[in-house]
Amino acid sequence: MTEAHEILNLKSKAKLNCTLCEKCCEYRGNIKITPINVLEISKFLKISINEFLDKYTEEVKGEEPEIVIKGIGEKRECIFNNRESFKCQINKVKPMQCVVFPLVPIDVKRDLFINTEACPIDTNKITTVNKWVNGNHNIYKKNKEVYLKWIELMEEIQPKWNSYSTEKQNRIRELLFKEYNIKKNFEKQIFDNIKEVRNVIYNRSF
């Protein structure tokens with residue numbers, strides 16, 4: 001029988017404490033990233049979007065058009081894990097999947113989570129879920145709306161993906177991950193491109 005997990009909200013208190021054990025960075029060749037991550041990480045690293053995509057990401061086979069941060073070595077360790085300090089090299093702009101770990105969001109719209117208790121903590125330190133997912137950088141709160149729009153789009157696209165022509169698939173990828181200006185408002189560009197993706201998939205501009 002599967003163990004039942006308590007459902008947590010932002011005000012809930014839970015045993016959460018980072019001890020730099022690397023558990024959240026190992027076997028993580030599945031860290032999905034959204035357009036906001038592409039923009040934020042590229043800007044943070046001071047590289048072009050194309051360079052970031054080529055060097056640090058790969059496609060998820062069977063879940064197109066989603067992409068993930070590359071996992072390296074036998075342990076599929078996140079490429080952004082600093083092997084000397086065991087600290088995330090993109091901590092200020094890390095993906096949502098990393099922001100919430102070891103929590104698993106079961107309803108982002110209502111801010112509901114379960115705690116997998118995957119982190120081996122040394123103490124019984126208790127903290128609120130809100131403090132854990134927002135921390136010093138407010139990533140969860142700041143990117144929540146974009147993340148929800150992304151999930152909604154993926155649920156719409158993925159069941160139909162294989163029915164799209166190669167030309168249409170490539171155009172969707174360009175709109176979702178490449179056609180941005182790092183100097184302009186990220187959220188507006190993403191929402192505009194998501195709207196254009198829908199025009200493409202429903203043949204309104206293709």
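Note to self before starting: strands here are DSSP runs of E, at least two residues long, numbered from the N terminus. I'm working from a predicted model.

**Entry 1, Ile106.** I looked up Ile106 and found it in strand 8, which covers residues 103-107. Its relative accessibility is 45%, so I put it down as partly exposed. I also see Ile106 in a nonpolar surface patch with Ile7 and Val104. Together the three have about 250 Å² of accessible area.

**Entry 2, helix 5.** Next I went to helix 5, residues 139-157, which has 19 residues. First C-alpha to last, I get 26 Å, close to the 27 Å expected at 1.5 Å a residue. I did find a kink of about 45° in helix 5, centred on Glu145. Then I checked which helix 5 residues are buried; among them are Ile139, Tyr140, Lys144, Val146, Trp150 and Leu153.

**Entry 3, Thr127.** I found Thr127 in strand 10, residues 126-128. Thr127 counts as buried because its relative accessibility is 11%, and the cut-off for buried is under 20%. Setting aside neighbours within four places in sequence, I list Ser12, Lys13, Ala14, Leu16 and Trp132 as contacts of Thr127.

**Entry 4, Asn91.** Asn91 sits in the loop between strand 7 (77-78) and helix 3 (96-100). I have Asn91 as partly exposed, because its relative accessibility is 32%. Leaving out residues up to four places away in sequence, Asn91 touches His137 and Ile139. Ile139 is one of the buried residues I noted in helix 5. I also looked at Asn91 and Phe80: they are 11 residues apart in sequence, and their C-alphas are 9.1 Å apart in space.

Note on methods. Residues numbered from 1 in each chain as written. Predicted model: local features only at pLDDT ≥ 70, side-chain atom pairs only at ≥ 80, totals over all residues. Heavy atoms only, no water. Patch = residues over 30% accessible without salt bridge, like charges linked within 9 Å, V, L, I, M, F, W, Y side chains within 5 Å. Areas by Shrake-Rupley, 256 points an atom, 1.4 Å probe, with all protein chains shown as cover. Salt bridge = Lys/Arg side-chain N within 4 Å of Asp/Glu carboxyl O. Buried < 20%, exposed > 50% of the residue type's maximum accessible area, 1.4 Å probe, protein only. Expected span 1.5 Å × (residues − 1). Bend = angle between axes of the 7 residues up to and from the residue. Contact = heavy atoms within 4.5 Å.
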